Amino acid sequence: MSGPTPGFLVWRLSMKWRVAVDRALGPLGLTHAQYSLLASLYGMSSERPSQRQLADHTGLEALYVSKLARTLEAAGLLDRLPDPSDTRAVQLVLTPHGHEVTGQAVGIVRDLMEQLLAPLPADRRSAFVDDLNALLKESL
């Protein structure tokens with residue numbers, strides 16, 4: 001195969017995306033990683049996932065989720081509540097302020113995604129997402 005490998009291209013695209021999200025969310029005081037955690041909680045608003053459940057959902061390491069959650073708690077964006085069914089675990093829930101900030105961030109990232117996908121014809125966007133999902137389902 002000549003030219004860049006698929007792995008290199010995926011890495012470059014993910015780095016491009018992370019940098020773009022960091023820049024776009026900077027005015028809200030959020031990083032891409034913080035956004036990933038908050039947006040996941042935002043989408044799970046009817047639940048109170050544990051840090052472990054959120055780590056599994058986002059693909060982030062549990063220790064990193066714990067660190068992010070503590071930072072976001074200190075910023076008043078989420079609460080870490082005792083899990084009534086497991087004394088070793090905590091449940092995560094957005095605060096009202098966290099819900100407001102995350103709603104703004106989701107809108108910003110949605111617009112950014114449109115910019116990222118703009119070079120693809122509209123009929124290819126759905127297939128692109130399907131391809132990404134298929135790759136993510138494969139375990140390595």
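## Lining of the largest pocket

Five helices each supply at least two residues to the lining of the largest pocket: α1 (6–25), α2 (32–43), α3 (51–58), α5 (96–117) and α6 (122–137). Among these helices, α1 gives the most, with ten residues. The model in which this pocket is found is a predicted one.

In total, 32 residues line the largest pocket. Those that lie nearest its centre are S14, W17, H32, L132 and L136. Sorted by class, the lining comprises 22 nonpolar, eight polar and two charged residues. The space in the largest pocket amounts to about 1,500 Å³.

## Overall architecture

The protein contains six helices and two strands. Read along the sequence, these elements follow the pattern α-α-α-α-β-β-α-α. In this order, the two strands come after four helices and are followed by two further helices.

The extent of the protein can be described by its C-alpha trace, which spans about 55 × 35 × 25 Å along the principal axes.

## The β hairpin

Strand β1 covers residues 78–83, and strand β2 covers residues 86–94. The two strands pair in the antiparallel sense, and six bridges join them. Together, β1 and β2 form a hairpin, with two residues between the strands.

Two facing positions illustrate this pairing. R80 stands opposite L92 in β2, and P82 stands opposite V90 in β2.

## The packing of α1 and α5

Two packed helices are described by the angle between their axes and the distance between the axes. For α1 and α5, the axes come within 10 Å and cross at roughly 140 degrees. An angle over 145 degrees would count as roughly antiparallel, whereas 65 to 115 degrees counts as roughly perpendicular. The crossing angle of roughly 140 degrees belongs to neither class, and α1 and α5 are therefore oblique to each other. The crossing of these two helices is right-handed.

Both helices of this crossing also take part in the largest pocket, since α1 and α5 each supply at least two residues of its lining.

Terms used:
Residues numbered from 1 in each chain as written. Predicted model: local features only at pLDDT ≥ 70, side-chain atom pairs only at ≥ 80, totals over all residues. Heavy atoms only, no water. 1 Å grid on protein atoms, 1.4 Å probe; cavity = no way out; pocket = protein on both sides within 12 Å on 5 of 7 lines; lining within 4 Å. Points joined across faces, edges and corners; volume = space filled by probe spheres on them. Nonpolar A, V, L, I, M, F, W, Y, C, P; charged D, E, K, R; others polar. Pairing = 2+ DSSP bridges. Axes fitted to C-alpha atoms, helices over the stretch in contact; angles between N-to-C directions. Parallel < 35°, antiparallel > 145°, perpendicular 65-115°, else oblique. Left-handed = near helix turned anticlockwise from the far one by under 90°.
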